[in-house]
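Work through the two exercises below with the sequence and the coordinates at hand, and attempt each task before turning to its solution.

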Amino acid sequence: MRPKSSRAAGPPGEPRRVAYLYLLPAFVIYAAFLLYPIGRAVQISLYDWDGLTLGTWAGLDNYVAVVTDEGLRAAFGHALVLIVFFSLVPVAIGLALAAVLHHAKVRGLGFFRTVVFLPQVIAMVVVAVAWRRVYAPDGSLNGLLSALGLDGLTRGWLGDYTFALPAVGVVGTWFETGLVTVLLLAGMSRIPQELYEAARLDGAGAVREFLAVTLPSVRAEIAVALTLTVIAALRTFDLVYVTTRGGPGDSTSVPSYEVYHRAFGLGQVGSAAAVGVTLTVVIFAISFGINRYADRRVT
Amino acid sequence: MTALPRASRTLPLFAAITATAVALAGCAPGSSAPAGSPAAQPSASAVRTDAAALGEVTLTVWDQEVRGGQAAQMEQLNQAFQARYPNIRLNRVSRSFDDLTTTLRLALSGNEPPDVVEANNGRSSMGAFVKAGQLLPLDAYAEAYGWKERYPESVLRYSRYSADGKLFGEGNLYGLPQVGEVVGIFYNRAKLTALGIEPPKSWADFETTLATVKAEGEVPLQFGNLDKWPAVHVFGTVQSRVVPADQIATLAFGRKGASWDTPENAEAAEQLVSWVDKGYFAKGFNGQGYDASWQAFGKGQGVFLIAGTWLLADLQKALGDDIGFMLPPGATADAPPVATGGTGLPFAITAKSPHPDAAAAYIDFITNADAMKVLTGTGNLPVADTAAQSVPDGPQKEVFTAFGTASAENGLVPYLDYATPTFADTLGAALQDLLAGKSDPQAFLATLEKDYKTFAESNG
């Protein structure tokens, strides 16, 4: 019997070139809606373009500006501060909360999980509008402080040069903690009970148990939580857009807001694209680093 | 987890694909647009004003008249237009101001842009469109329809640009607005009466009143500056008391020949700072939203509010006839009126529109004397024939009188953020710094001067 010609390329079960053909439809969509726009954005970032008239070649000027422009540098700095509030604090709180919920075997765990997760369900714009009211000079935060006799601490939080950025960050903490807690809870529920029994037999207390058993077991979940929240922190836009518009002064400006503002407000599309590309690279690098770190520690 | 080896294998591939995509993206951005050639001016004799004789035409109109009285007047006028000219079909697309601003750019770069668009006056909107040759100069239509007789020059200049889009406030006419606006002083009449104070007649009078109100334990000036721009209107009001109007116009239109670094501007900045120091503004103003601040004023918190006429309807709803409005008083009671003010978004015709005559007829229809009556009836402030409107005595009358006086005597000075494409940010942030005591008046003016000079020099 004559073998079919397409089979002749290799032994059965080995990848064949025709397989790439099957990937083509998906790749075309991926290329048209993701790769092409990314390529176009990279290209635009090399031009000085107002979005309307013919762009002029600018080389790497826009990228040089990202590094040299004090305002843009500050914006990236603010994003890094937000990482503390969006990622590190929620992971710390989430670990504690999840450990307690997991350890205590509380009744109605499902209920608490839902409550903790609730902020994630609300659109960020709604969250921002609500917190703007909370932080207002006549808002509930100041009301609470006054009721406690701490009138000296009351202020227009979002208009205060020292507190505006932390105030925005706290909203992020509130928003992300639920997600992190639920992720970690899921991870902890997969830890075999035997490990805890063994630890207890060895005489470990609750803290020791947490450090020796729980923490190493949820490393993968922590990596996922960090990746998700760091990305959320770095691309924060709606929160800043609604609460402060980058103010007071420029003390809460963030890269994503600069992208929007430059492209649609100022008509500096080239510069906006450069900021966007830089932001993408930074996000990619940081999440890559987190995953790499998590992987290395496991193996 | 085995993400690492896979990632390191796919990374070069990803990079290669991205590079290919860049190469495919090809020619320079904007190369499909006309090469910035200014749209040709039609001659006055060539334009046709007889809309009924233009044949079957469909006009696509993009406006931002989506709220309350604005939406009502637009619907009413569009219906009347359809009834009068059945041969012209209107295809109305209306979206909020923010949405319009962000989408108009793309819409105008396309091959079939809308015929009539409402474009913001500023450099980054109308100025950029004129520069890109996307708007039609309307001077021929202005002549044919007699717009220049009905609209004062201090109003028309907000829609004027040189043909290359560089000079603002002079040159060709690119749009026609429906409504006017002026920044003045709202006051709570009931509170003033209770305190036994008359509305101030001069600027010094106003400052004395603020001190009296403060001493009585009321909030003298309601203010919320979280959104950055409200302070621009307050500063503009203070500035136009001491800086000559023509200098403000030069600064605000971003033309060469003026300077922020003058004793008068310093005086204005110092006066504003002194108001902060004396506690005239509402507490925590830099952290208070604009909407929240005027709503607080509507609830009786604060005696004065420096704001634009666009708040009238909402404030009247809250305070009824207790609300009063006046132009900011001058140095003396009979000083000529000067106030920050301008127009609503002007209606413009796109250069690629195949039906410019029909489009102009439409613009004329929604801005003619009858339209101004409709605008008045729906609670708007008509930009032309303001004095001729009959409105009942009270707050609305005061607003009409204020705008009518300021525009008729060419006392309107432009918004300061028109100056350069970046000036709204520069000024907004600088004012927040100044009011929070983060910078002093000299540093404040130096920041503004730098932005203004850099732009004015490079703009030629």
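**Exercise 1.** In this predicted model, find which residue of chain B stands opposite B:Ile185 in E7(B), and work out how strand E6 of chain B is paired and whether it is mostly covered or exposed.

*Solution.* Begin with burial: E6(B) spans residues 180-188, and 9 of its 9 residues are buried, where buried requires 20 or more other C-beta atoms within 10 Å of a residue's own.

Next, take the partners of this strand in turn. Strand E7 (residues 304-308) of chain B runs antiparallel to E6(B) and is joined to it by 5 bridges; within that pairing, B:Ile306 is the residue opposite B:Ile185. Strand E8 (residues 323-326) of chain B is also antiparallel to E6(B), with 4 bridges between them, and here B:Phe186 faces B:Phe325. Finally, strand E9 (residues 339-343) of chain B pairs with E6(B) through 3 bridges, again in the antiparallel sense, and B:Glu181 has B:Gly342 as its bridge partner.

**Exercise 2.** Determine how many residues of chain A are in contact with chain B, and which element gives the largest share of that side of chain A.

*Solution.* Counting residue pairs whose C-beta atoms lie within 7 Å, one finds that 44 residues of chain A are in contact with 45 residues of chain B. On the chain A side, the elements that give two or more residues are the helices H1 (18-44), H5 (124-135), H12 (255-266) and H13 (269-298). Of the elements on this side, H1(A) provides the largest share, with 8 residues. Sorting the residues of this side by character then gives 22 nonpolar, 13 polar and 9 charged.

Terms used. Residues are numbered from 1 along each chain as its sequence is written. Chains are lettered from A and ligands numbered from 1 in the order in which they are written. This is a predicted model: local features need pLDDT of at least 70, side-chain atom pairs count only at pLDDT 80 or more; totals for chains, interfaces and linings use all residues. A residue is buried if 20 or more other C-beta atoms lie within 10 Å of its own, exposed if 12 or fewer, and partly exposed in between; C-beta atoms are placed from the backbone. Two strands pair if DSSP finds at least two bridges between them. Two residues are in contact if their C-beta atoms, placed from the backbone, lie within 7 Å. Ala, Val, Leu, Ile, Met, Phe, Trp, Tyr, Cys and Pro count as nonpolar, Asp, Glu, Lys and Arg as charged, and the others, Gly among them, as polar.
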